[in-house]
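The following exercises are to be worked with the sequence and coordinates at hand. Each task is followed by a solution in steps.

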There are 2 protein chains.
Amino acid sequence: MKYMPKPKINSRSLLDEHPYLRQTLDLIADKWVVAVLYVLSHSTKRYGELQREIGNISQRMLTRTLRDLERNGLIERKVYPVVPPMVEYSLTPLGLTLNRVLKSMCDWSTENFQQVEIARDEYDKVNPPI
Amino acid sequence: MKYMPKPKINSRSLLDEHPYLRQTLDLIADKWVVAVLYVLSHSTKRYGELQREIGNISQRMLTRTLRDLERNGLIERKVYPVVPPMVEYSLTPLGLTLNRVLKSMCDWSTENFQQVEIARDEYDKVNPPI
DNA sequence: TTTCATACACACATTTGGGTATGTATAGCA
DNA sequence: TGCTATACATACCCAAATGTGTGTATGAAA
C-alpha cells in the first residue's frame, strides 16, 4: 500500500475553540477534586466527615484539595472559634453550578462502567500484561 | 464558645453508594484523558492531529493515554500498513456515551470559568502568595 | 545518497503527587 | 497530672508521573 498523506487543513486546536476548557480541565479533571465536590454536593460537611466519606484520602491531599477549591471560589470554609476546632465546608453558588457535571459523571458510572471492565479483560487477553 | 460535637450518623461513605463512581474517577478524572476524548468526540483523528489539536501534550503522554483509553474500550485504534505509518483513532460506541459528560464540562467552562478567575484574584489579595 | 515523514519505543532526568510522622492549641475528663 | 479530641500546618521522603532526547523502519522525493 502506498503512503497517502492527509491534507493538513483544520489543524488549529479544537481545545482552543472553547478558551476556558483547558483551564477548567486543570481545575476539575482531578480525582480528589471531584470526590470532594461530590460529597459536598449533598450537604455541608466537616473536615473529618469528608475524610471518612471519601475513605482513602490522606490529610495532606484533603487539606490541599480544600484549599485549592476555596481559592477557586468553589467551596466556602467556615471556621468556628471553638476548642477543639470546628470547620465546615460547603459549596458556594459557583460550586453548585458544577452539580450538572458531577451528576452526569455519576450517572455514566452506573450505566456504563461495567462495559469498561469487560473491555479491559478482553484487551488483557489479547495483549497479555508482561 | 463551647465545643459542641455533631452526632456521627450517616458516616458511611457517600462515594460508595455508587459503586463504580470511584473507579470512574480513576478512569476519566484526568486532564489528558478528557482532552483526548474531547477532540475525538468531533471526529476520527490521526496521532499527529491529536498532538497538534491538544497542543501541549508530549508524545509520551499522548501514547500512554491512547493506550489506556483503548484498553478501557473507549477508543478504537486502526493501523494502516503503510510507510510511513498511519494510525487512526476514534471513539467506540462506549466512548460515545461519554459525550454528555464532556459536553456538560465544556458548557460549564464557558459559562462559569470567569468567576473562578475573579475568586482567585480575591483570594490572593487576602492571602498573598508567599 | 541524503533527507523527510509518521508513530511510536525506550532510556534518562526531573518534577510532582502523595504518605507518614510530628507539632499546635486548649477545654474537659479521668 | 496527664490524656483525648479536632483540624489542621509543616517537614521529610519515596514513588509515580511526566518531559526530553534519541532511535527505528522504510518508501519516496530531492
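**Exercise 1.** Determine whether Phe113(A) and Tyr20(B) are buried or exposed, and establish which aromatic pairs the structure holds.

*Solution.* Step 1. Phe113(A) and Tyr20(B) are both buried, where buried means under 20% relative accessible area, exposed over 50% and partly exposed in between, with a 1.4 Å probe and protein chains only. The model is a predicted one, in which local features need pLDDT of at least 70 and side-chain atom pairs count only at pLDDT 80 or more, while totals for chains, interfaces and linings use all residues. Residues are numbered from 1 along each chain as its sequence is written, chains are lettered from A and ligands numbered from 1 in the order in which they are written, and side-chain values use heavy atoms, with hydrogens and water left out.

Step 2. Searching the whole structure gives two aromatic pairs over all chains. Rings of Phe, Tyr and Trp (its six-membered ring) pair if their centres lie within 6.5 Å; planes under 30 degrees apart count as stacked, over 60 as edge-to-face and the rest as tilted.

Step 3. Tyr20(A) and Phe113(B) are stacked, at 5.4 Å centre to centre with 25 degrees between the planes. This pair joins two chains, because Tyr20(A) lies in the segment before helix H1 (21–28) of chain A and Phe113(B) in helix H6 (residues 99–126) of chain B. Helices (H or I, at least four residues) and strands (E, at least two) are DSSP runs, numbered from the N terminus. Both Tyr20(A) and Phe113(B) are buried.

Step 4. Phe113(A) and Tyr20(B) are likewise stacked, with 5.5 Å between centres and 25 degrees between planes. The pair runs from helix H6 (residues 99–126) of chain A to the segment before helix H1 (21–28) of chain B, and thus crosses between chains.

**Exercise 2.** State at what distance from the ring centre Lys31(A) lies over the face of Trp32(A), and treat chain B likewise.

*Solution.* Step 1. The criterion requires NZ of Lys or CZ of Arg within 6 Å of the ring centre and within 35 degrees of the ring normal.

Step 2. For Lys31(A) over Trp32(A) the distance is 4.6 Å; for Lys31(B) over Trp32(B) it is 4.7 Å.

**Exercise 3.** Locate Thr92(A) and list its contacts beyond four places in sequence.

*Solution.* Step 1. Thr92(A) sits in the loop between strand E3 (86–91) and helix H5 (93–96) of chain A.

Step 2. Thr92(A) counts as buried because its relative accessibility is 15%.

Step 3. Leaving aside neighbours within four places in sequence, Thr92(A) contacts Gly73(A), Leu74(A), Ile75(A) and Glu76(A), contact meaning heavy atoms within 4.5 Å.
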